[in-house]
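This briefing goes through one structure by topic. Please read it alongside the sequence and the 3D view.

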Amino acid sequence: MVVRIVAGVAVLSACAAAGVEAQSGAPAKDPVRVKSDAIHAKVLTLDTHVDMRDGDYGVLTPGQKVDLIKMQQGGMKGVFLAVFVGQRQAFDAAAYRAAYDSAMRQFDALDTLTQKTRPELCAFAASPDEVERVAATGRRVIMTGVENGYAVGEDLANVKAFYDRGARYISLTHSGHNQIGDSSSDRNPPRNGGLSAFGRRVVAEMNRLGMMVDVSHSATTTFWDVVKLSKAPIIASHSGCKAVNDVDRNLDDGQLKAIANNGGVVQIVALGSYLKADSPERAEAIRKLREEIGMRSGGRGRQGGPPAQPLTPEAQAEAQKRRAAYMERMKEIDAKFPPATLKDFADHLDHAVKVAGIDHVGIGTDFDGGGGILGFNDASEAPNVTEELVRRGYSEKNIAKIWGGNLLRVWRDVQKATR
Ligand SMILES: [Zn+2]
């Protein structure tokens with residue numbers, strides 16, 4: 001039977017779960033979707049950047065874009081739950097200690113999740129071989145990296161301490177310049193003019209240990225210092241393309257080519273404001289909502305990071321309730337002032353593939369750190385991405401590279417570089 005497909009009709013099905021059977025009486029599935037679902041089920045789907053949250057990962061958790069159930073529904077096999085530490089403008093022993101302690105509490109939470117509360121649903125992986133072993137068991141693969149080298153403080157031994165807890169990448173900076181290097185988003189004058197002297201030692205230590213150096217959030221000066229210095233391929237765990245949307249967080253074509261020459265990978269982010277400029281009306285509506293709900297300002301992900309002290313269970317529940325309310329109200333804003341869509345996301349992917357090549361592009365959503373767009377708003381909607389790639393002519397082999405193959409290759413090369 002020949003079925004004609006109307007060009008340009010995007011199927012952004014809310015019921016995106018791969019393998020969900022059509023109800024009897026429901027219309028037959030679109031043949032492109034049938035093909036893309038088969039590919040999606042086969043390939044190793046990895047997301048390199050999701051911010052760690054304190055909700056329950058073992059149930060469908062409102063207010064979280066990633067939990068183990070949404071991952072199952074969306075056929076997502078593995079995720080880096082990033083240990084996130086916000087950038088503070090304090091560079092003394094006490095501030096570094098608080099950042100380090102916050103990181104360690106998040107590593108503890110990862111251990112609890114994978115070893116105590118949900119070992120039947122997920123397992124931790126600290127190497128590409130382990131990723132493949134866990135994925136083969138049908139459990140979700142949990143990996144981790146540290147978002148923000150601020151947590152390293154000025155003690156090089158902390159890089160190894162994070163490695164020993166399972167971290168396999170460190171994003172050198174976040175929203176502000178720090179003791180390691182300058183950030184792309186800080187409007188203050190540069191602190192280091194690129195990597196600091198200590199930052200150079202951090203990169204060398206990461207190379208030695210076999211940790212991936214993550215340049216997402218790095219200033220261009222920091223980026224080029226890292227490219228020159230690193231003995232191993234580098235990654236951008238969640239970034240977009242400046243040529244498609246000119247914002248400070250995105251990478252220009254020269255940077256994309258440098259990552260390709262270095263053997264690394266750029267993981268395209270699914271955060272709306274990096275993909276497409278928000279209209280002033282949308283930006284204003286979001287600002288008002290955040291104010292009303294009492295969320296930290298910033299818009300572009302979380303600026304402040306977890307508090308220095310652990311939250312009480314009551315405060316945790318309250319914060320989760322606030323996030324759920326925020327996500328609910330965001331739907332109204334999305335309907336009124338459309339945000340970036342899956343098409344915009346795929347435009348960035350296409351551009352990165354054109355400039356850096358198919359072997360140097362992947363996916364890092366930034367879910368639970370500001371990520372989420374129309375059509376790819378949480379982990380359960382991942383099959384929509386594969387469908388869009390099939391519609392754009394990507395082969396199964398190339399889709400496998402984008403969804404995780406490239407990242408695993410880079411990770412293996414980074415491990416080898418240590419020997
Ligand atoms: Zn980030």
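Helices (H or I, at least four residues) and strands (E, at least two) are DSSP runs, numbered from the N terminus. On that basis, Thr173 falls in the loop that runs between strand S5 (167-171) and helix H6 (197-209). The model is predicted. The points below cover the zinc site, the surroundings of Thr173, the nonpolar cores and a pairing that involves helix H12 (residues 342-356).

**Zinc site**

- Three protein residues donate to the zinc ion: Glu147 through OE, and His217 and His238 through NE2, at 2.0 to 2.2 Å.
- Along the chain, the spacing of these donors reads E-x69-H-x20-H.
- His217 sits in the loop between strand S6 (212-214) and helix H7 (220-229), while His238 belongs to strand S7 (residues 235-239), so the two histidines tie together parts that are 21 residues apart in sequence.
- His217 and His238 are both buried.

**Thr173 and its surroundings**

- Thr173 has a relative accessibility of 0%, and because buried means under 20%, Thr173 counts as buried.
- The Thr173 side chain reaches the backbone oxygen of the zinc donor His217, at 2.8 Å.
- Beyond its neighbours within four places in sequence, Thr173 is in contact with Asn148, Gly149, Asn178, Gly181, Asp182, Ser183, Ser216, His217 and Ser218.

**Nonpolar cores**

- The largest nonpolar core contains 85 residues, and Phe162, Phe345 and Phe376 have the most contacts inside it.
- Helix H3 (residues 93-117) supplies the largest share of this core, with nine residues.
- Neighbours within four places in sequence aside, the contacts of Phe345 are Ile268, Val269, Ala270, Leu275, Ile363, Ile373, Phe376 and Val385.
- A second core, separate from the other, has 19 residues, among them Phe80, Val141, Leu407 and Leu408.

**Ala346 in helix H12**

- Ala346 is placed in helix H12 (residues 342-356).
- Its relative accessibility is 2%, and because the cut-off for buried is under 20%, Ala346 counts as buried.
- Outside its neighbours within four places in sequence, Ala346 is in contact with Glu388 and Arg392.
- Ala346 and Arg392 are 46 residues apart along the chain, and their C-alpha atoms are separated by 8.8 Å.

Notes
Residues numbered from 1 in each chain as written. Predicted model: local features only at pLDDT ≥ 70, side-chain atom pairs only at ≥ 80, totals over all residues. Heavy atoms only, no water. Donors = N, O, S within 2.8 Å, 3.2 Å for Na, K, Ca; no water. Buried < 20%, exposed > 50% of the residue type's maximum accessible area, 1.4 Å probe, protein only. Polar contact = N/O pair within 3.5 Å; in protein donor to acceptor, adjacent residues only side chain to side chain. Contact = heavy atoms within 4.5 Å. Core = buried A, V, L, I, M, F, W, Y, C linked by side-chain atoms within 4.5 Å.
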